[in-house]
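The following note concerns the ligand surroundings in the structure shown below. The points are numbered for ease of reply.

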Amino acid sequence: MSARVIPLHDARPAPAALAPDLADPPALPLADTLGRPLHDLRISVTDRCNFRCGYCMPKQVFDKHHEFLPHADLLSFEEITRLARVFVGLGVEKLRITGGEPTLRRGLETLVEMLARLRTPDGRAPDLTLTTNGSTLVKKAAGLRAAGLKRLTVSLDGLDDAIFQRMNDVGFPVADVLAGITAAQAAGLGPVKVNMVVQRGVNDDQILPMARHFRHSGVVLRFIEYMDVGATNGWRMDQVLPSSEVQRRIAAEFPLTPLSHSAPGETAERWAYADGGGEIGFISSVTQAFCGDCNRARLSTEGRLYTCLFAHRGHDLRALVRGEPVDDARLAGAIAGVWTGRSDRYSQLRGTAAAAAEPRVEMHYIGG
Ligand code: SAM
Ligand code: SF4
Ligand code: SF4
């Protein structure tokens, strides 16, 4: 391995210690120190990806020398499902499978089947979804649907093939992702959401073509502000195109009307085309931080619990599910202890000394 490359799992700080038990069962609903409930769990099932999007896994860093996690370090499907069951018992109502590129994890359909069988304490199936770059959907959409996946989100940053190939940096053609979206719709994985990360000067000329393409298609297109996640993408504020500007450009061609938020903690501000062309959304994590009602926990590929996308440290849940036997009640106590102690609000502090102080984990590992 070359000297300049630090294996990511070595570069990560040691996980915070976790107490596996509390004297009493946690009082529900759980609330963190800012009164925010635990509602969503994002599960990263692999740190690997077949794309090298510059804003997430730049090729210069994630090159052939980069060491991904060995398979033995990954949580098994049984471990993921057990942890997810405990989270659901603590109030989680939405599970999102992510990565890396989650569809690269062998046998993902089996995990989907296992997660689809979970039930909330009052007997409901949690909302189960997946975020993918769409590259494998032509092959996999029908199998994922049959396994119990209800819907999914595809990331797509433009329609111009040259721009898209430059952004994924592995020469992957846009036509294959579009075919994957069609396959997902045909399999009944709807409504499909498409996420576009907007970088000023890189793909902002794709905003209108994307809007035109997905109007009247049943796909909900959402524009995401480019974020300063991780430590490798060389983020600069002047590369962020504020959602307000994206919205202004779209509204100049297609008048928009506001929709209400669909659920507490929903990240996207939702709008509809006034002519009935469907819904679009704006995720303004940089210019309008939504930490105030952030109810998302993240489970990393190797089983660490992160309470913020910009967290410095995770809590080692794998040690609890693989070490000395710990029953589910004590596991729940440990997770509840982390959540009730949570005070993260990075996006509200962005730019301050407090936010700059700590290194951050990479997004493909923690799960976007
Ligand atoms: N590989 C899958 C994909 O691309 O959809 C799932 C993992 S990816 C890390 C999850 C989401 O994070 C994607 O929609 C991606 O566009 C978004 N993302 C990654 N880096 C980002 C950044 N720097 N700013 C904003 N969004 C980012
Ligand atoms: Fe891979 Fe998704 Fe990151 Fe792109 S955004 S490099 S597709 S994990
Ligand atoms: Fe949630 Fe952290 Fe993002 Fe704020 S910065 S919205 S706390 S993940």
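**Note on the ligand environments**

1. In this predicted model, an N or O atom in the side chain of S155 lies 2.5 Å from an oxygen atom of ligand 1. The protein buries 95% of the 540 Å² that ligand 1 exposes when taken alone.

2. Backbone atoms also approach ligand 1. A nitrogen atom of the ligand is 3.0 Å from a backbone N or O atom of G100, and a nitrogen atom of ligand 1 is 3.1 Å from a polar backbone atom of Y55.

3. The shell around ligand 1 has 20 residues, of which Y55, G100, S155, M227 and M363 come nearest. Three elements each give two or more residues to this shell: β3 (127-132), β5 (193-198) and β6 (220-225).

4. By residue class, the shell around ligand 1 consists of 10 polar, eight nonpolar and two charged residues.

5. Ligand 3 is surrounded by F290, C291, C294, R296, R298, C308, L309, F310, R342, D344, Y346 and S347. The elements contributing two or more residues here are the strand β10 (296-299) and the helix α11 (346-349).

6. The shell around ligand 3 divides into seven nonpolar, four charged and one polar residue. Among the residues around this ligand are the arginines R296, R298 and R342, the aspartate D344 and the cysteines C291, C294 and C308.

7. To restate the points for ligand 1: the S155 side chain provides an N or O atom 2.5 Å from a ligand oxygen, and the backbone of G100 provides an N or O atom 3.0 Å from a ligand nitrogen.

Conventions
Residues are numbered from 1 along each chain as its sequence is written. Chains are lettered from A and ligands numbered from 1 in the order in which they are written. This is a predicted model: local features need pLDDT of at least 70, side-chain atom pairs count only at pLDDT 80 or more; totals for chains, interfaces and linings use all residues. Side-chain values use heavy atoms; hydrogens and water are left out. A residue is near a molecule or strand if one of its heavy atoms lies within 4 Å of it. A polar contact is a pair of N or O atoms within 3.5 Å; within protein, one must be able to donate a hydrogen and the other to accept it, and residues adjacent in sequence count only if both atoms are side-chain atoms. Accessible areas come from the Shrake-Rupley method with a 1.4 Å probe; for residues, only the protein chains shown count as cover. Helices (H or I, at least four residues) and strands (E, at least two) are DSSP runs, numbered from the N terminus. Ala, Val, Leu, Ile, Met, Phe, Trp, Tyr, Cys and Pro count as nonpolar, Asp, Glu, Lys and Arg as charged, and the others, Gly among them, as polar.
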